[in-house]
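Colleague: Before I rely on the labels for the aromatic contacts, I would like to hear how each one was reached.

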Amino acid sequence: MGSLDVTRAELGLLVLYLNKAEARDKICRAIQYGSKFISNGQPGTAQDVDKSTTLARKVFRLLKWVNDLHALITPPAKGTPLTLVLLGKSKNALLSTFLFLDQFVWLGRTGIIKNKEATDRVGRISLYCWMASSACASLVELGELKRLSKSMRKLARELRDTDKYENEQYQNKMKESDERLLALVKAAMDVVVAVGLLQLAPKKITPRVTGALGFITSLISCYQQLPSRAPVDKIKA
């Protein structure tokens with residue numbers, strides 16, 4: 001029954017994961033950018049999948065702009081430098097604007113709004129907001145990594161007579177550092193993806209490059225949405 005309990009727990013984690021709207025959205029995002037990589041902007045089945053998945057994802061994001069609006073008006077953590085606070089709030093404002101405008105893009109793509117020119121214009125503005133938001137996120141993660149590194153060095157000096165890797169506080173900081181480094185990589189790559197979608201450098205950032213980077217960042221997002229495996233570890237013990 002032990003192996004059955006572990007299997008049931010694993011399936012429970014999978015159900016928990018798939019029940020999250022954000023996780024489903026990121027899975028669809030991986031399909032979207034994977035199809036863009038395969039199609040390389042050329043007509044065909046892969047491009048059709050890219051376009052249909054892009055439109056389908058917009059449904060997941062309806063009213064999602066409220067999340068970042070809430071984060072925008074939430075007071076920052078005590079001790080956070082003003083520069084990081086301003087960058088963080090800028091990221092929230094820009095991402096909320098992107099998601100808000102994206103709703104009108106969806107209305108245009110589905111034919112509810114008939115003005116194609118206006119829809120395309122709003123779509124480009126929203127992508128610029130997403131690109132700027134990703135740039136702000138990159139700077140925030142860089143700043144937080146610098147603060148965390150300084151904190152870890154200070155803690156390491158305090159633990160010089162012991163094994164710092166056995167210290168729970170140091171382990172937590174190492175885990176946070178890894179998470180922030182991954183978030184930094186994702187945000188930086190998303191800036192390039194936005195440049196590709198806006199076709200600001202079409203010769204260097206082709207649809208295939210955009211698709212490849214978008215697929216990688218989608219996999220990172222899927223990984224970030226994974227639930228804790230603590231219940232399974234407990235069963236195995």
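The exchange below takes up those labels in turn.

Modeller: This is a predicted model, in which local features need pLDDT of at least 70 and side-chain atom pairs count only at pLDDT 80 or more, while totals for chains, interfaces and linings use all residues. Residues are numbered from 1 along each chain as its sequence is written, and side-chain values use heavy atoms, with hydrogens and water left out.

Colleague: Why is the pair of W65 and F100 called edge-to-face?

Modeller: Rings of Phe, Tyr and Trp (its six-membered ring) pair if their centres lie within 6.5 Å, and planes under 30 degrees apart count as stacked, over 60 as edge-to-face and the rest as tilted. For W65 and F100 the centres are 5.3 Å apart and the planes stand at 80°, so the pair is edge-to-face.

Colleague: What is the label for F100 and F104?

Modeller: Their ring centres are 5.4 Å apart with the planes at 70°, so this pair is edge-to-face. Ring pairs thus link W65, F100 and F104 into a cluster.

Colleague: Why does F100 count as partly exposed?

Modeller: Buried means under 20% relative accessible area, exposed over 50%, and partly exposed in between (1.4 Å probe, protein chains only). F100 has 33% relative accessibility, so F100 counts as partly exposed; F104, with a relative accessible area of 37%, is partly exposed.
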